[in-house]
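Subject: The structure you asked for

Hi,

Here is the structure I said I would pass on. Have a look at it first, and then read my notes below.

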Amino acid sequence: MSQLSLKRLEKSFNEARIIKGIDLDVSEGEFVVFVGPSGCGKSTLLRMIAGLEDVSAGEIEIGGNIVNELPPVQRGIAMVFQSYALYPHMTVYENIAFPLRVEKLPQAEVDSRVQAAARVLQLESRLQHRPGQLSGGQRQRVAIGRAIVRQPKIFLFDEPLSNLDAALRSEMRIELMELHKRLGSTMIYVTHDQIEAMTMADKIVVLNAGEIAQIGSPLELYHKPDNLFVAGFIGSPKMNFINGKVRAADGSNVTVDLGKLGTISLPRTSRDVAGQDVTLGIRPEHLSLDGGQFVIEITPNIVEHLGIHTIGYAILPGGENFIGLFEGNPDLEDGKPMKVGFDIDQAHLFDSRGLAVY
Amino acid sequence: MSDVARSTEVAAADSKASVKPQAKARRGLWSASRPMIDRYKWYEVAALYAGLFVFLFFVLAPFIEGFLVSLKPLAQLFSTPYSFIPENGSFDAYINMWTSVPMLGMHIFNSFFISTVVTLIVVAVVVPAAYAFARFNFAGAGLMLAGFLAVNMFSGAVLLIPLFRLMRTMGLLNTYWAMIVPGAAFLIPSSVWLLRTYMMRIPRELDEAAWVDGASRLYTLRRVILPLAMPGIVVVAIMTFIGAYAQQFIFALTFNSKTEFMPLPIGLFAFFGKQEVVWNELMAASFVGILPVMIVIVFLQRYLVAGLTAGAVKQ
């Protein structure tokens, strides 16, 4: 049975519809990541689950009860905010103890729970400090500690790592994943960073303009994006898109005319796309310098050497940007034409509405 | 070690390495031991201090003259040519004033008392009001805030007659309340504006975090917002206290005729005799009367500074 389920959930601010009917089921213990570009409504959705925003239409169910009208504390959730929202005038101890003080628990109980949380988060030596004396990562842990002591059924994280620098971010990512393993509770995590989404999630919910673009495991989204948006959003560097026109669709193959780049034939059973303008997608990392089933010639105008990878940027005859990512340190140069190839089964095809063609 | 100390030390180390060694010996505003941005030429420093002196002299001259007057015997005040520096100056006026106006102590107490009560009332009213205006969206909030500004544009003097009738109807004339109620009423609007702005700078996420953790609005106000807004509240308290002290004159003059309730500004009229004004004692009494305000400000300022450093809201 799902622990959290959203049914046709909608949110409007005045005339503007921010969330346009979301259906989602989250099972107990799952790590779910909401990901999407800024303004897609992911934070609003999280705040609705938390009880910080009211629901315009639809239902939020937690543990089988409709909680639309319940305040956050009765929903059994705890939330970690982007800015951590620590109380600067209180010590770390009092920050973590805050929810318990609100509940008016006896001091002995407060103390044992705070100490337990501090042990889990390695904050024992910091309990008497104020948030201002802590580093970003430690503040983050205090914010998590404040969520843990309530022993909630569901943890909500609103872009918790976006204020940290890159090194600390990957460190905290690992810590959060370990925490999830140890506590085994359901976690819902909002981020605009697809690396966080890909590395942490059991299930990713890609949101676009208030709607779910796709739900799936990280690898599902990577290998089988349902639409252009997900294809372009997941993966870094971004998937290359080449515009083309379907010449023929015979039920086993779709033949696409890519203009000056030639004609490519992909194994697709759909017949509906015949004559449509379509988009061919190929990930930069699926390109290779030594042949492939389909080869095109590009002239990179910028080459980045990263040691482990080399990235070339080019513009195709049709005007599309094209990126190639190659292992190691091959001999690429600005302005020097080169041939890159890929295998047909690595290519993605999207119809004129942007939906994947199978 | 403080940041400032560290940076000056770094600058000093730099100058030791690169600039000639004698530079480090000099101290002061133009010294090489300061960071580049704080270094000035000697004539720039001289100009800064000259400017400061002119400004301070302009502001403080009346006080200086007042103080000098309080030291002079009365006869000397009317001598020609007038001498600013007292000859045979003494503090006699500070002793004699208590006997020539026996109620003086009472007047000073009244001033202090009225201002204190006004301050307490204003703070008690303004804190929840400012929180409401800073956090809640309610119908008419903008209108009320605009109204507050409008009220501030009227000075109490314009409204004296309606206020007088109001006080008479409510039976408040010739009581402390006659000076406290209008005093507080005229000081609340600007304080609401001030504290509202201060509270709006406290991140809303703190309220939300508390709400998620089950705290009620009042609990959040008490445990989270109040401590963080303390510097702002202290500023409001200081401003209110000074404002209440300054505006007593007009309300006391109009709404009160009982000597025992009179605050200091009116009490000073007692030094205006039938024949002559006892200027030196008047000045002495003024200075003694200001003293409590000075003490309060010095006292509260310590909290102000402490609050500012402790309440670092920025994450």
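Let's start in chain A, where strand S6 (residues 77–80) runs parallel to strand S7 and is joined to S7 by four bridges. One pair to click on is A:Ile77, whose bridge partner in S7(A) is A:Ile154. Before you go further, keep in mind that this is a predicted model.

**The S7 and S8 strands of chain A**

Is S7(A) enclosed or open? S7(A) covers residues 154–158, and five of the five are buried, so the strand is largely enclosed by the rest of the structure. You can check this on both faces: A:Ile154, A:Leu156 and A:Asp158 sit on one side, A:Phe155 and A:Phe157 sit on the other, and all of them are buried.

S7(A) also pairs with strand S8 (residues 186–191) of chain A, again in the parallel sense, over five bridges. Two places to see this pairing are A:Ile154, which stands opposite A:Thr186, and A:Phe155, which stands opposite A:Met187. How does the chain get from one strand to the other? S7(A), helix H6 (residues 166–183) of chain A and S8(A) make a right-handed β-α-β unit.

S8(A) is mostly covered, with six of its six residues buried. A:Thr186, A:Ile188 and A:Val190 point one way from the strand, while A:Met187, A:Tyr189 and A:Thr191 point the other way. S8(A) has another parallel neighbour as well: strand S3 (residues 31–35) of chain A pairs with S8(A) over five bridges. In that pairing, look for A:Val32, which stands opposite A:Ile188.

**A residue in a helix of chain A**

Next, find A:Ala117, which is in helix H4 (residues 107–120) of chain A. Is A:Ala117 buried or exposed? Count the C-beta atoms around it: A:Ala117 has 23 others within 10 Å. The cut-off for being buried is 20 or more, so A:Ala117 counts as buried. Leaving out residues up to four places away in sequence, A:Ala117 touches A:Ile96, A:Gly145, A:Ile148 and A:Val149. For a sense of distance, try A:Glu28: A:Ala117 and A:Glu28 are 89 residues apart in sequence and 21 Å apart in space, going from C-alpha to C-alpha.

**An antiparallel sheet in chain A**

Chain A also has an open sheet of five strands, in the order S13-S12-S11-S14-S20, and the pairing here is antiparallel. Which strands stand at the edges? They are strand S13 (263–266) and strand S20 (348–350); each has a single partner strand, so one side of each is left without a neighbour in the sheet. From one strand to the next, the twist averages 40°. Within this sheet, strand S11 (residues 240–249) and strand S12 (residues 254–257) of chain A pair in the antiparallel sense over four bridges. A:Ala248 has A:Thr255 in S12(A) as its bridge partner.

**Over to chain B**

How many helices and strands does chain B have? There are 12 helices and zero strands, and reading along the sequence gives α-α-α-α-α-α-α-α-α-α-α-α. Chain B has 315 residues, of which 29% count as buried. Take the contacts in chain B between residues at least 6 apart in sequence: 73% of them join residues at least 24 apart.

Chain B is divided into domain 1 (3–96) and domain 2 (101–310). Where these domains meet, 10 residues come from domain 1 and eight residues come from domain 2. On the domain 1 side, the elements giving two or more residues are helix H2 (42–71), helix H3 (74–77) and helix H4 (92–100) of chain B. H2(B) gives the most, with four residues. By class, that side has six nonpolar, three polar and one charged residues.

**Where the chains meet**

Last stop: the contact between the chains takes 19 residues from chain B and 20 residues from chain A. On the chain B side, helix H9 (204–212) and helix H10 (217–255) are the elements that give two or more residues. H9(B) supplies the largest share, six residues. That side of chain B divides into 13 nonpolar, three polar and three charged residues.

Have fun exploring!

Definitions and conventions
Residues numbered from 1 in each chain as written. Chains lettered and ligands numbered in written order. Predicted model: local features only at pLDDT ≥ 70, side-chain atom pairs only at ≥ 80, totals over all residues. Contact = placed C-beta atoms within 7 Å. Nonpolar A, V, L, I, M, F, W, Y, C, P; charged D, E, K, R; others polar. Buried ≥ 20, exposed ≤ 12 C-beta atoms within 10 Å, placed from the backbone. Pairing = 2+ DSSP bridges. Right-handed = clockwise from strand over helix to strand, strands pointing away. Domains from an automatic or database assignment. Axes fitted to C-alpha atoms, helices over the stretch in contact; angles between N-to-C directions.
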